Amino acid sequence: MDKPQAIVIGAGFTGVAVAYDLAQRGIKVTVLERGPLVNGTSGRTHGLLHSGARYAVDDQESAIECIDENLVLRKIIPQVIEPNGGLFIALNESDMAYREAFIQGCADCHISIEELNPRQALTLEPNLNPKLITAFKVPDGTFDPLRLAMGFAASANTHGAEFHLFCEVQDFILDGMGNVKGVKYLDRSSNQINDINSDIVINAAGVWAGEVAALAGNIDLPIKPTPGVMVAYDQRLCQRVINRLNEPGDGDIIVPQRKMITVGTTSFEADNLDYIPVFDDQVQLMFDRGCELIPAIKHTKERGAFMASRPLLDSGTKGRSLTRTFKCFDHKESDNVDGLVTITGGKATTMRLMAEKTADLVCQKLGMHVPCQTAEIPILSYRKFHIAQTREVA
Amino acid sequence: MAKHPQKPINLIKWFDPRNKSLGSWAFILNRITGLGLTLYLFLHLIMLGQLAGGPEAYDGFIALVKNPIFLAGELLVIAAAFIHGLNGIRIGITSFGIAGGKQKQLFIGLMTVAIIAIIYFAIRMFTH
Amino acid sequence: MTQTWSITYEIFRKKGSQAAHYDRFEMKVDPDEYVLDGIERIWAFHDRSLVFSHACHHSTCGACGMVVNGVEKLTCITPIRSVTKDGGVIRVEPMRNFPVISDLSVDMTVFYQRMESVGHQPVVSIAHEDSKGKFDPDDDLLRLSDCIECGLCISACPIALTTPAYLGPAVLAGAQQSGDLNLCVLELVDSENGAWRCHSAYECTEVCPSHVDPAWRIMDLRKKLVSRRIKKFFGVK
Ligand SMILES: Cc1cc2nc3c(=O)[nH]c(=O)nc-3n(C[C@H](O)[C@H](O)[C@H](O)COP(=O)(O)OP(=O)(O)OC[C@H]3O[C@@H](n4cnc5c(N)ncnc54)[C@H](O)[C@@H]3O)c2cc1C
Ligand code: HEM
Ligand code: SF4
Ligand code: FES
């Protein structure tokens, strides 16, 4: 019997994880990505492997997903992770007012924390603002964005998944009844338009998922692109992730990575998704906020500044308080278009879980009964990833 | 394993110093002087072979060698030998993991020695 | 506060079997923007067929290496100001010594395979902080290692230009850093196309954006190889 065929649109975290899960369950997967791997938001993340503590007060659903998946990723893909944990530090009375809620929230979400006095915190992280009042240890981590995706893609490769990079999906192939039967795409490296058929198409185009879904007809996805800035500085001033103990806000996280640290982030609403400029005032804001946590940033050179856009789900409210949780749409149910599933929202940290839910739905639609195994099996070395060698020439 | 395309080996690019750092200049210089010295060695052997022609040949040869153009050529050989030899010492030292972080300073230092030596020999040759 | 410069991007283009050429794009830029920002804008607003690689935009992934005005650069952290002047030109080409996929993107598969086969460690102990050898095994903190596998060193290397069989600086540096010179790794690096192929041009260290100093590591690897051979000769284990 021939394997069922699936096309995944987008090779961000979501796309590669979905490709891996589907391929692992025995589906023949073709990934079409208009850029290189992690061309979109995924490449440009902050790199924080969330412990969930950041959301433990406001968004416990996300927090629980984060801590669970944090532990899974540490286990299956240690090759791309700095597993050193993180600190939440309080610098003033307003921070201290958040303390109780934080302790309670972390307990509710089974995130293990440990309170440290200032001296203990400064022994661990000598560059912290010496005025800190209290600190909590949390199980945060850092990941390398490209290699995280490459690892999943490499594992997908070994189960037969093919990655066609620089291939932009331009249209869907529909049957007479408006159901999706395949896609038409432009191969940018040869400037040729090709098409492929499949049993199902998974739209994992992140913030672009709305644009992509709209190609299949009158589909309206509630995605609210909310970009944020991040600024990298040229010295590893801390070994652990440093968070401000307070409501989530601008520039309240510092993530160490290799020999740098990255301060982030902001949150606003954008129109053009393909190019979001880096605004000077936001870079300045990151510098100021970063210096509050680690004063030595003042004497450190900027190494890079960049923007990325969150694919947050619009639940009616504005900006940062949107839920971080992801959603998987079967367009058969929502729009009466069969053969198309959209997965969007979420976080890098929850990529595997998002893929699991999506693959469950896809298998159910294809009438397959195969359990998900991705939480157990180690991911292959990211260096085993390879792009599809044979490009069909139309 | 995916295959590398077999590109035409572009010899000229070895000698293109544009946008290169000091290390490449040293590499290029070493290559040119090394090849120059080898070429000279051949010429030298041919010349020596002709000396077997007896005393006249020897006298003629000495006269030729006293010619300023020939002297200048000889100076080039001396220069090449100093540059190549001293630079070769640098490559030898660093190749064994010694002073690898100081290769630029070493190069500048040794080349200064080479230039002083070349000037010394130039003065000696042309004032005799 | 922000300045505006008018500059021209001169971009190497190649699609499939078509002949290569350069396209020119006149751009208004802020000189403090990075070279990659301009390239991304060309894609977003001028030419959607432009192929280039990038991911993290802050020098941690190594995807954005290109040759900028003749020199290997990590374009996401190279300010426009540092490579041209107002009214000037930025010529952008794909890295040398790699097969070109299209335009500015190259295929790094073989390079990655080589990094894998010499056992380069992607995550190292924090105590590697002094990356030149000191090691404190008490410390249990880890960090991602210095080499971001960008390939700039291989692009800049005159020997890699001579032969694609040469393992190249990053790979030899990876073997040196991994510390584990088992027989498979030895066979690769203690060979004609390994550590002994290097001719000390030091271009790799010159262009490396990530504190690796591959030339130093190649020399250090040679030292290790020689001392191994000497020990073996005298029968010392
Ligand atoms: C500023 C910021 C910081 C963040 N920090 C963190 C963090 O520290 N930790 C964390 O866990 N999460 C973080 N996130 C969230 C996380 O990065 C995103 O949720 C995640 O990257 C989304 O991945 P994705 O695959 O869904 O989308 P994307 O990565 O955007 O992938 C979509 C892909 O689809 C492709 N595509 C689009 N249109 C087409 C088409 N027509 N044809 C083919 N391909 C197409 C795009 O090129 C793109 O590669 C952050 C997000 C932002 C904005
Ligand atoms: C003082 C004595 C000398 C020393 C210390 C010396 C050292 C060296 C070294 C270390 C190299 C290798 C360079 C590299 O790795 O790229 C080299 C290359 C070479 N040498 Fe010498 N050398 C000496 C004399 C000579 C002489 C007398 C000749 C010519 C007859 C010569 C011809 C060459 C040539 C042709 C090369 C190859 C050039 C290249 O690969 O770039 N050398 N030498
Ligand atoms: S050694 Fe440096 S230049 Fe070479 S691949 Fe690694 S980071 Fe890039
Ligand atoms: S884009 Fe990742 S290193 Fe430049």
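**View 1. The two domains of chain C, with centres 28 Å apart over C-alpha atoms.** The model shown is predicted. Domain 1 of chain C covers residues 5–106, and domain 2 of chain C covers 109–233. Each side brings 14 residues to the contact. Together the two domains of chain C bury about 1100 Å². Carbon and sulfur atoms account for 63% of that area. Which three residues supply 49% of the area that domain 1 of chain C buries against domain 2 of chain C? They are E72(C), N97(C) and F98(C), and no other three residues supply more.

**View 2. The shell around ligand 3.** The shell holds 14 residues. C147(C), C150(C), G151(C), C153(C) and C208(C) come nearest to ligand 3. By class, 11 residues of the shell are nonpolar, 2 are polar and 1 is charged.

**View 3. The two domains of chain A in contact.** Domain 1 of chain A is assigned to 5–42 + 146–222 + 324–393. Domain 2 of chain A is assigned to 50–140 + 224–313. Their C-alpha centres lie 30 Å apart. Domain 1 of chain A gives 32 residues to the contact, and domain 2 of chain A gives 27. The area buried between these two domains is about 2600 Å². Of this, 61% lies on carbon and sulfur atoms.

**View 4. An open, mixed sheet of 6 strands in chain A.** The strand order is β9-β2-β1-β13-β20-β19. Which strands form the edges? They are β9 (162–164) and β19 (327–330) of chain A, each paired on one side only. Neighbouring strands of the sheet are turned by 20° against each other on average, direction ignored.

**View 5. The pairing of β1 with β13 in chain A.** Strand β1 of chain A spans residues 5–9, and strand β13 of chain A spans residues 200–203. The two run parallel and are joined by 4 bridges. Within this pair, A6(A) of the one chain segment faces I200(A) in β13(A).

**View 6. Helices α1 and α10 of chain A on the sheet.** Helix α1 of chain A comprises residues 13–24 and packs on the sheet. The strands of chain A touched by α1 are β1, β2 (28–32), β9, β13 and β20 (340–344). The direction of α1 makes about 170° with that of β1(A). Helix α10 of chain A, residues 351–366, also packs on the sheet. Helix α10 touches β13, β19 and β20 of chain A. Its direction makes about 170° with that of β20(A).

How values were computed:
Residues are numbered from 1 along each chain as its sequence is written. Chains are lettered from A and ligands numbered from 1 in the order in which they are written. This is a predicted model: local features need pLDDT of at least 70, side-chain atom pairs count only at pLDDT 80 or more; totals for chains, interfaces and linings use all residues. Side-chain values use heavy atoms; hydrogens and water are left out. A residue is near a molecule or strand if one of its heavy atoms lies within 4 Å of it. Ala, Val, Leu, Ile, Met, Phe, Trp, Tyr, Cys and Pro count as nonpolar, Asp, Glu, Lys and Arg as charged, and the others, Gly among them, as polar. Two strands pair if DSSP finds at least two bridges between them. Axes are lines fitted to C-alpha atoms, for helices over the stretch in contact, and angles run from 0 to 180 degrees between N-to-C directions. Contact means heavy atoms within 4.5 Å. Domain bounds come from an automatic or database domain assignment. Buried area is the accessible area (1.4 Å probe) that two parts lose on being put together, summed over both.
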